[in-house]
Amino acid sequence: MYLREIGTVVTALMVVGVLAPLAVMGMLAAGRLDVVQGLVASGGAALMLYLSTHSFMIVWEESPGTRHKDRPMLAGATILGSAGYSLLAFMAGMFLGGW
């Protein structure tokens with residue numbers, strides 16, 4: 001009954017989860033974070049991306065009219081993909097920051 005509202009909230013959380021590693025990259029490039037803080041923030045961003053994407057996939061599979069074989073391929077669908085995306089953003093931030 002409330003699946004559309006739940007899906008809207010979960011999709012918004014997934015968008016924030018995708019943008020979180022990019023925010024860490026920007027803070028690293030601006031010099032606001034050091035290496036340890038950047039790694040911790042990247043790990044948190046990766047976990048946030050994975051959990052929000054996993055929640056989106058649960059809502060997707062429970063929606064009427066969707067099939068398992070039509071699942072979208074998302075960057076954060078696996079923990080390894082989330083960690084890789086976040087690590088790539090961390091390395092880009094370090095490179096742009098001149099470390």
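Among contacts in the chain of this predicted model that link residues at least 6 apart in sequence, 72% join residues at least 24 apart. A good place to see what such a contact looks like is the end of the chain, at tryptophan 99, to which the text returns below.

The fold itself is easy to read. Three helices and zero strands make up the regular structure of the chain, and following the sequence from start to finish gives the pattern α-α-α. Measured out along its principal axes, the C-alpha trace spans about 50 × 25 × 15 Å. 

Turning to the surface, 26% of the 99 residues of the chain count as buried. The accessible surface comes to about 6,500 Å², and carbon and sulfur atoms account for 72% of that area. As for charge, the chain carries 5 positive and 5 negative charges, and the mean positions of these two groups lie 7 Å apart.

Now back to tryptophan 99, which sits in the segment after helix 3, the helix formed by residues 79-97. Is this residue buried or exposed? Tryptophan 99 is exposed, because its relative accessible area is 55%, and the cut-off for that class is over 50%. Even so, tryptophan 99 has partners: leaving aside residues up to four places away in sequence, it touches Leu28, Leu33, Asp34, Val35 and Met94. One of these, leucine 28, is 71 residues away from tryptophan 99 along the chain, while the C-alpha atoms of the two are separated by 9.4 Å.

Definitions and conventions:
Residues numbered from 1 in each chain as written. Predicted model: local features only at pLDDT ≥ 70, side-chain atom pairs only at ≥ 80, totals over all residues. Heavy atoms only, no water. Helix = DSSP H or I, 4+ residues; strand = E, 2+ residues; numbered from the N terminus. Buried < 20%, exposed > 50% of the residue type's maximum accessible area, 1.4 Å probe, protein only. Contact = heavy atoms within 4.5 Å. Areas by Shrake-Rupley, 256 points an atom, 1.4 Å probe, with all protein chains shown as cover. Lys, Arg positive; Asp, Glu negative; His and termini not counted. Charge placed at Lys NZ, Arg CZ, Asp CG, Glu CD.
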